[in-house]
Number of protein chains: 2
Amino acid sequence: MNTFVPTTRTRVKRLHKRGHYDEATVHAILDAGFICHVGYTIEGLPYVTPTSYWREGSRVYWHGSSASRMLRTIEAGVDCCVTVTHLDALVLARSGFHHSLNYRAVMMFGRAHKVEDPVEKLAALEAFVERMFPGRWNALRPVNCKELKATTVLWMEMKEVSAKVRTGPPVDDDEDYALPIWAGVIPVRQVAGAPEDDGRLVAGTKRSAKLTKLEHIGLRRR
Amino acid sequence: MNTFVPTTRTRVKRLHKRGHYDEATVHAILDAGFICHVGYTIEGLPYVTPTSYWREGSRVYWHGSSASRMLRTIEAGVDCCVTVTHLDALVLARSGFHHSLNYRAVMMFGRAHKVEDPVEKLAALEAFVERMFPGRWNALRPVNCKELKATTVLWMEMKEVSAKVRTGPPVDDDEDYALPIWAGVIPVRQVAGAPEDDGRLVAGTKRSAKLTKLEHIGLRRR
């Protein structure tokens with residue numbers, strides 16, 4: 001099993017049993033989502049920007065407008081922290097203190113690189129669309145040069161990375177288990193609702209059934 | 001209508017129509033969630049930590065173990081950025097370029113303060129539990145001094161803050177509307193499943209129906 005070496009930044013110190021450093025756990029968490037929060041600094045001050053991402057092998061990618069302040073800052077080679085969080089349950093204990101959340105999170109640190117080669121950039125964007133919606137790329141109007149130029153794609157090598165996971169029921173103080181207080185978990189998940197057609201569809205245009213198979217990005221059907 | 005004054009950090013420059021600076025929009029987004037991502041720096045390097053939060057008036061609070069690196073760093077008075085993001089839909093356009101997400105996000109900047117007074121701290125924790133689960137605080141085993149000491153509560157005044165919101169259908173290039181490509185939105189929401197009793201409940205312990213009314217924190221029942 002491949003594992004990441006914990007560093008002072010990635011080692012989970014408190015509640016260290018929640019820390020995971022194996023590639024399989026990290027990849028599974030990343031592959032079950034598509035929104036990350038990217039942290040970076042401008043003139044020493046921290047910013048946290050939500051954006052979509054995708055993973056290929058040992059790299060995490062994200063993208064956006066070439067005019068984006070976040071992307072222009074990060075492509076210049078500043079340190080950043082990318083965090084992905086999935087909430088799995090509310091955990092209700094018998095005391096306020098032991099209330100908690102079940103979650104899966106990944107934090108990774110490093111510097112990102114810009115995909116400069118247009119062919120490579122196009123391939124990365126194809127991978128992104130195909131990851132979200134398998135089969136869609138070839139059904140779309142092709143990307144043109146202007147759009148490709150207006151898009152920045154960044155990637156970060158996963159090196160300094162860890163996962164933190166809480167699962168299971170509340171953990172109460174021994175003596176509190178004798179109290180007649182309801183305790184348990186309320187599961188939480190992100191779901192996709194029924195697709196809504198755009199108002200300007202060409203008559204007769206059908207939606208591919210594949211478009212609503214979203215479990216691989218953490219979305220079940222409602 | 002109260003509004004926040006945009007600064008160089010909070011003014012939404014690209015897609016500026018998505019920027020909102022009125023208190024009502026900011027408060028509504030904050031009040032529809034309970035997980036934020038807190039950005040801060042340690043020795044100049046950025047960190048992004050997910051944690052729960054709550055709002056009272058013009059303050060946003062978060063909390064955790066007094067031993068938490070994130071809380072110890074921030075209580076020392078460093079600049080931070082708190083971001084709250086709700087995903088509302090996947091937006092599928094006729095070109096890859098115009099694919100998007102519908103979302104509501106708030107970013108706020110500033111320094112946080114620690115609640116030092118124990119009475120005030122207890123009141124803040126009560127407000128947190130009551131915001132999540134109205135009526136629960138008084139049903140719980142009371143907080144003790146050790147627990148109160150082991151908990152740090154921070155708050156930040158909302159001053160430098162903005163919201164960014166995308167809603168509605170895809171916006172395609174004029175000529176692309178003639179293409180027979182399916183386009184539209186797939187709504188996304190976070191839902192709560194059926195509560196699961198803790199395995200060690202005292203026989204006969206009932207769950208209050210109120211505990212599953214979670215719409216106010218952005219969770220519908222599945």
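These legends walk you through several close-up views of a predicted model with chains A and B.

**View 1. Two copies related by a half-turn.** Start with the two chains side by side. Chain B can be laid on chain A by a turn of 180 degrees, with a shift of 0.0 Å along the axis and an RMSD of 0.0 Å. The two copies are therefore related as by a two-fold rotation axis. To find that axis in chain B, look for Gln190(B): its C-alpha is the nearest to the axis, at 2.1 Å. Both copies use the same surface, and 100% of the contact residues of chain B recur in chain A.

**View 2. The surface shared by chain B and chain A.** Here we look at where the chains touch. Chain B brings 88 residues to the contact, and chain A brings 88 residues as well. Between them the two chains bury about 7400 Å², with 65% of this on carbon and sulfur atoms. Which residues of chain B lose the most area to chain A? They are Val48(B), Arg141(B) and Trp182(B), which together make up 10% of what that side buries.

**View 3. Polar and charged links across the interface.** Now zoom in on the pairs that reach from one chain to the other. Side chains of opposite charge can pair when their charged atoms come close. Across the interface of chain B and chain A there are 6 salt bridges. One of them joins Arg141(B) to Asp173(A), with the closest N and O atoms 3.0 Å apart. Polar contacts between chain B and chain A number 35 residue pairs.

**View 4. Strands at the meeting place.** Several strands of chain B give two or more residues to the side that touches chain A, among them S2 (35–42), S3 (45–56) and S10 (184–192). Which element gives the most? It is S10(B), with 9 residues. Sorted by class, this side of chain B has 49 nonpolar, 20 polar and 19 charged residues. S10(B) also pairs with a strand of the other copy: 2 bridges join it to strand S11 (residues 196–197) of chain A, and the two run antiparallel. Look for Val185(B) in S10(B), the bridge partner of Glu196(A).

**View 5. The surroundings of Ala32(B).** This view stays within chain B. Ala32(B) is in the loop between helix H1 (23–31) and S2. Leaving aside residues up to four places away in sequence, Ala32(B) touches His86(B), Arg104(B), His216(B), Ile217(B) and Gly218(B). For a sense of scale, the C-alpha atoms of Ala32(B) and Gly110(B) are separated by 22 Å, and the two residues are 78 residues apart along the chain.

**View 6. A salt bridge inside chain A.** The structure holds 22 salt bridges over all chains. One of these pairs Glu157(A) with Arg59(A), whose closest N and O atoms are 3.9 Å apart. This pair links distant parts of the chain: Glu157(A) is in strand S8 (residues 151–157) and Arg59(A) is in strand S4 (residues 59–65), 98 residues apart.

Methods:
Residues are numbered from 1 along each chain as its sequence is written. Chains are lettered from A and ligands numbered from 1 in the order in which they are written. This is a predicted model: local features need pLDDT of at least 70, side-chain atom pairs count only at pLDDT 80 or more; totals for chains, interfaces and linings use all residues. Side-chain values use heavy atoms; hydrogens and water are left out. Copies are superposed by least squares on the C-alpha atoms of residues with pLDDT of at least 70 in both. Contact means heavy atoms within 4.5 Å. Buried area is the accessible area (1.4 Å probe) that two parts lose on being put together, summed over both. A salt bridge is a side-chain nitrogen of Lys or Arg within 4 Å of a carboxyl oxygen of Asp or Glu. A polar contact is a pair of N or O atoms within 3.5 Å; within protein, one must be able to donate a hydrogen and the other to accept it, and residues adjacent in sequence count only if both atoms are side-chain atoms. Helices (H or I, at least four residues) and strands (E, at least two) are DSSP runs, numbered from the N terminus. Ala, Val, Leu, Ile, Met, Phe, Trp, Tyr, Cys and Pro count as nonpolar, Asp, Glu, Lys and Arg as charged, and the others, Gly among them, as polar. Two strands pair if DSSP finds at least two bridges between them.
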